[in-house]
Amino acid sequence: MERLNRGLAAKQSLPHGPVTPMPIRVAMIGEGVFLRTFVAWMIDILNEKHGFNGGIAVIKPIPGVHNLPDFAAQDCVYTVLLRGLLGGRTVEEAHVVTSIQSITGAYDDFPACLRLFAADTLRFVFSNTTEAGIAWGEDGPDDLPPATYPGKLAALLRARFKAFAGDPAKGLHIIPCELIEKNGETLRTYVLRHLRAWGDEEAARWVERACTFTDTLVDRIVTGYPKDEAEEICARLGYEDRLLTTGEPFALFCLQGDGAIDEELPLVRCGLPAVWDRSIKAYRDRKVYILNGAHTLLSSIAPLCGVHTVRQAVEDGDIGPLLSRALKEEIMPFIALPEEVKTAFCDAVMERFANPFMVHQLASISLNAISKFGVRDLPSLAAYARKHGKAPARLTLALAGLLVQARSAQNDGDAPKVCALWERAGGDAGAMARLALSAEGPFGDAGCLPGVTDALTRALAELQAGSMRDAVRQANA
């Protein structure tokens, strides 16, 4: 079977963007499946249907080759397959994305990344480096590349400032997609802090004046490469595609601001699933705490029960009811939205989780799981504990499962830190609970919350003495 490439894409009857070269208007920091199935898909539709004429240059922000050879072999062209239920209707749509023009590894050729940011046509920067990506680190001014994403972006923007001698017309629109609150504002703060720490006050003032940083919220469940179905799907498509990515048809891109950028990046004007609003807090709260919070809860509990996909978990006779009670009793009461709005969104999320087309591996959700729990579930746990004077049973059990799993995930985000805490605790449940919830742990002194340390001690001891399956059944009793 012929491998998908730019020439083959031109012959396809499937929807696709232009196959001819386009000027680079978008830089995408991150080559993962989410950005490719969400941002690049939207840019491709703008190019295909609305004459945006914007090529994408991708920067891979972490070390390692991974899928770079596949991008090269396929001329950066790949298929997005969206499948699922949308408004009760079964949807299955394929789109060949052709807008990515190049991909460069930051750790392979950072000078090339710096040159990219000197491109006259560049206007927009999107990123997704996970919740752990927008963080402070002591990067040096001459690091090639800096270790953190904010450090990398500071170096890239400094290069643009120098290339255009501080021309304010050459500023960029920075649109991060990392799932943290105030992602644009936080990224801006760290970028400016880096530049000033490096003694580049003029570059910092240029960034303040010429660049915009937009707070966003993104929503689409992306399941990535369908390993078990790839051969059958490619046979139907008529070509081999090792960059094939799958997701649900539902999507929502919330951007905070007055929408002036939509004149230049017409997501809303062209009917894409995007919205500009002066405050996206309500959108964020319902999505992060209900959908993403449920994902992280499932990934913390289900694998220890021998269940490894989202759909299997919600259909499981023990885990499904636990999730339902956690949402209704421990999460939804603390979201400041009308009850009917929360209930409708929760029902829609459960329908999305049961998508018969999606094999959403919990292992993929578990990447940087410690940081994700802190953003997605800890606020609900804390709110419950403050109101009731005790810990929520199901969220606490999820936290215990997360800490147990972290002992065997030593290369994943904060997991090495958790492993070190386990060693200091000597495997003792009480000592581990106290350390994990202290200022030394990853959850910011959550041990001050009423009842949480004792509840986590009991949950860890229960998992050490028995099984997660038994613990789930006890929590449902």
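1. Let's start with a helix pair: α15 and α17 are roughly antiparallel to each other, a label for angles over 145 degrees (under 35 is roughly parallel, 65 to 115 roughly perpendicular, and the rest oblique). Their axes cross at roughly 165 degrees and come within 10 Å. Axes here are lines fitted to C-alpha atoms, for helices over the stretch in contact, and angles run from 0 to 180 degrees between N-to-C directions. Helix α15 covers residues 369–376; helices (H or I, at least four residues) and strands (E, at least two) are DSSP runs, numbered from the N terminus.

2. Before going on, keep in mind that this is a predicted model, where local features need pLDDT of at least 70, side-chain atom pairs count only at pLDDT 80 or more, and totals for chains, interfaces and linings use all residues. Residues are numbered from 1 along each chain as its sequence is written, and side-chain values use heavy atoms, with hydrogens and water left out.

3. Back to that pair: α15 passes α17 in a left-handed crossing (the near helix is turned anticlockwise from the far one by less than a right angle; clockwise would be right-handed). Who makes the contact, meaning heavy atoms within 4.5 Å? From α15 come Ala369, Ile370 and Phe373, and from α17 come Leu395, Ala398, Leu399, Leu402 and Ala406. By class, that is eight nonpolar, no polar and no charged residues. For the classes, Ala, Val, Leu, Ile, Met, Phe, Trp, Tyr, Cys and Pro count as nonpolar, Asp, Glu, Lys and Arg as charged, and the others, Gly among them, as polar.

4. Now look at α12 (319–331) and α21 (468–476), which pack at about 50 degrees with axes 9 Å apart. That angle is why α12 and α21 are oblique to each other, and their crossing is left-handed. On the α12 side you'll find Ile319, Pro321, Leu322 and Arg325, meeting Arg469, Val472, Ala475 and Asn476 of α21. The mix is five nonpolar, one polar and two charged residues.

5. A third pair is α6 with α7 (183–197), whose axes cross at roughly 65 degrees and come within 8 Å. This crossing is right-handed. Tyr149, Pro150 and Leu153 are among the α6 residues in the contact, and Leu187, Tyr190 and His194 are among those from α7.

6. What about empty space? The structure holds one cavity of 30 Å³ or more, and the largest cavity has about 40 Å³ of space. Its lining includes Leu217, Phe250, Tyr283 and Phe345, and α10 gives the largest share, three residues. The classes in this lining are six nonpolar, no polar and three charged. On a 1 Å grid over the protein atoms alone, a cavity is a set of points where a 1.4 Å probe fits but cannot get out, while a pocket is an open set with protein on both sides within 12 Å along at least five of seven lines; lining residues have an atom within 4 Å of a point. Grid points are joined across faces, edges and corners, and a volume is the space filled by probe spheres set on the points.

7. The second largest pocket has about 330 Å³ of space. Of its 18 lining residues, Pro392, Ala393, Arg394, Ala455 and Arg458 are the closest to its centre. Helices α12, α17, α20 and α21 each give two or more residues to this lining.

8. Two backbone spots to check: Leu144 and Pro145 are joined by a cis peptide bond, with omega about 5 degrees, and Pro145 sits in the loop between β6 and α6. Asn53 has a positive phi, near 55 degrees, in the loop between α3 and β2.

Note on methods:
Contact = heavy atoms within 4.5 Å.
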